[in-house]
Amino acid sequence: MNKTQHTPSVMWLTRTLHIAAVLALLACSSCSRIDEDGKVLRLPLRADDPKSLDPVQGSTVYDNKATCQVYETLVQYKYLIRPPELEPLLLSEMPTISEDRLTYHFKLKPGVLFHDDPCFPDGKGRELVTDDVFYSWKRMADNGNNPKSWWLLKDTIKGFDEYREQQNAAVEAQTGSFDYDAPVAGMQKINDHEFRVILKQPVQRFMWVLAMFQTAIVPREAVEKYGDRFGRHPVGTGPFTLAEEDWRPGQRMVFYKNPNYHPCYYPTEHMPSDVAAGWTKDEGKRLPLVDRLEFQFFVQDQPMWLSFRTGKIDYTQVPDEYFDEAFLKRTKTLRPKLVREGITTQNVELLDFIFRGFNMEDELLGGYGEKQKKLRQAISLAIDLDEFNEAFYSGINTVYDGPIPPGLEGFPPDGKADVSYRGPNLERARQLLAEAGYPDGKGLPRIEFYTSSGRNNVEQTELLKRQLGKINVEINAQIVEFSTLIEKVHNKKAPFFGFAWGSDYPDAENNLALFYSPNAAPGSNSFNYSRPEYDRLYEQIRSMPPSPERTELYIKMRDMVIEDTPYTGSMGRTRFYLINPWLKNFKVTEDFYNWPKYLDVTQRGVYPSEN
């Protein structure tokens, strides 16, 4: 066997140069984590920009990641506990709940201050009180705010829907302005730090909703002072602050430690495995642990990957096209080179619903007649998700039927439902296409398909074209920025679109809400799906506590949606992360995003082995 031989001097030089290069990299990057301003986190955000930091206008993961650094909710997820549990954040304790599950008694944590800002007298942030909670929630009802998440509180609080209807009607009729001081029967102030909320009916998800960034608490003074600028000028109670000039569109956002942050501490409650992982060493320390947080925007994955490999960001999600560079594909273990650099890895199975949706109000693709339904079913049967999984996700995703992801009640055994239009089944696809009135695709117009320009979506769209071409279905691809895609979907202008939904909370009711007709765009029902029988079942399950009976209804609703085919899918991702050695306390999750306050950085990373 012919082997390349190296002299000792060449081997020494090669090793020296390698070590010098890595040490230079680590010295440069890790030292930059602690500078004259203190400790600095540099984290990636895989988008062009958040649309707004106004909680009621937020709807995406990227809005969430940025917004919850400056704003806070009444409750939050316990950082180290799996499966997810809630704990107080702006509350002094968890609410007491009446036996009939209708009345919630809340106590606010005293001494919580809004950020210092010119909207307050003398620029000093005042204390958060009950009125701020009710005002913030009422903003979700005001159509003038262009709210994206009214569906979260719709049909929930006694008198709130009627209040919304009356106030918006007065504005539309020009007989008055939206009155934030008008009472709502189910919002009862006891004093500045206590209040009751009375529900119309038991709503199982209510407490999960109160952990969502859209229900975060904002001060009225800031909204009224900054008007249209409020979405770029946040004033919250959170661990970090953000000045307008520190948000550079398309580049980065720079947050600074809130010097007046109310007492919050690194958790002492944890899982047994967290000790060995090193995630318990900062127990009891005052939060946040760093002085500055920088989000760097990456529309494309290559710059993000290179930024991680040159030490400019602290962690990265592993882009699909770089999976083989990071891992041994067969074992899914980290390559030795990265191990020697001190890099570690974690992975998390997402509550993930990747799909390609149809606008059910579209003249060509929408509708509930047999021919319209068969057209959508034919398209679905022509798509081979397993090929997508292998080509773009290294085969690590879960392909499944229905909109309920793995890990939640209602997920079909082995991902296979009794009702299924998952491809590839070209023979059946061609048959249904003919029954829809388009034999061999004849007479079918080219379909407008929208997807975002990030990651490998251009290549994925080419594969989609090829697969659909096998049954002579043509698409006209519109590859746009993510923010433009969101706008098209919200305005019902995208007939066929690529999308993904991460569950807001660990209950399949959240995914089934995506097909509830009152949630139509710009709400979460991006498909604009509307079926009265489905709506009745949804209204039934939303008030039911977890039970086998509730799960049976989940399955019935799941299969109803599969049959109507308002989307093609589904796929769930397992996300792999790489973490640089100087980043501490990072326990990966995508269930919530206020975790930067728990992170820490050290002066230097772990140096690589010489071998």
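Contact here means heavy atoms within 4.5 Å. The model is predicted.

**Exercise 1. Find the neighbours of Leu-74 and place the residue in its core.**

Step 1. Apply the contact cut-off, not counting residues up to four places away in sequence. Leu-74 then touches Pro-88, Leu-89, Leu-90, Leu-91, Phe-106, Leu-108, Val-133, Trp-137, Phe-195, Leu-210 and Ile-217.

Step 2. Look at the largest nonpolar core, which has 164 residues. Leu-74 is among those with the most contacts inside this core, and so are Trp-137, Phe-160, Phe-496, Phe-527, Phe-586 and Trp-595.

Step 3. Ask which helix gives the largest share of this core. Helix 18 (residues 548-564) does, with six residues.

Step 4. Look for another core. One of 16 residues lies apart from the largest core, and its members include Val-318, Leu-334, Phe-576 and Leu-578.

**Exercise 2. Classify two aromatic pairs and decide whether their residues are buried or exposed.**

Step 1. Start with the total: the structure holds 49 aromatic pairs.

Step 2. Take Phe-497 and Phe-499. Their centres are 5.7 Å apart, with 90° between the planes. Planes over 60 degrees apart count as edge-to-face, so this pair is edge-to-face. Both Phe-497 and Phe-499 are buried.

Step 3. Take Phe-515 and Tyr-529. This pair is also edge-to-face, at 5.9 Å centre to centre and 90° between the planes. Phe-515 and Tyr-529 are 14 residues apart, and each sits in the loop between helix 16 (508-512) and helix 17 (532-541).

Step 4. Check burial against the cut-off of under 20%. Phe-515 counts as buried because its relative accessibility is 0%. Tyr-529 counts as buried because its relative accessibility is 0%.

Step 5. Widen the view. Ring pairs link Phe-497, Phe-499, Phe-515 and Tyr-529 into a cluster with Phe-353, Phe-355, Tyr-368, Phe-527, Tyr-534 and Tyr-567.

**Exercise 3. Find which rings have an Arg over them.**

Step 1. Go to Trp-247. The charged end of Arg-232 sits over its ring, 3.8 Å from the centre.

Step 2. Go to Phe-388. Arg-356 lies over the face of Phe-388, 4.5 Å from the ring centre.

**Exercise 4. Describe the setting of Lys-65.**

Step 1. Locate the residue: Lys-65 is in helix 2 (residues 61-67).

Step 2. Test for a salt bridge, with a cut-off of 4 Å. Lys-65 is buried and has no salt bridge. Glu-590, the nearest side chain of opposite charge, is 6.2 Å away.

Step 3. List the contacts, not counting residues up to four places away in sequence. Lys-65 touches Leu-45, Phe-295, Gln-317 and Tyr-593.

Conventions
Residues numbered from 1 in each chain as written. Predicted model: local features only at pLDDT ≥ 70, side-chain atom pairs only at ≥ 80, totals over all residues. Heavy atoms only, no water. Phe/Tyr/Trp six-rings, centres within 6.5 Å; stacked < 30°, edge-to-face > 60°. Buried < 20%, exposed > 50% of the residue type's maximum accessible area, 1.4 Å probe, protein only. Helix = DSSP H or I, 4+ residues; strand = E, 2+ residues; numbered from the N terminus. Lys NZ or Arg CZ within 6 Å of the ring centre and 35° of its normal. Lys, Arg positive; Asp, Glu negative; His and termini not counted. Core = buried A, V, L, I, M, F, W, Y, C linked by side-chain atoms within 4.5 Å.
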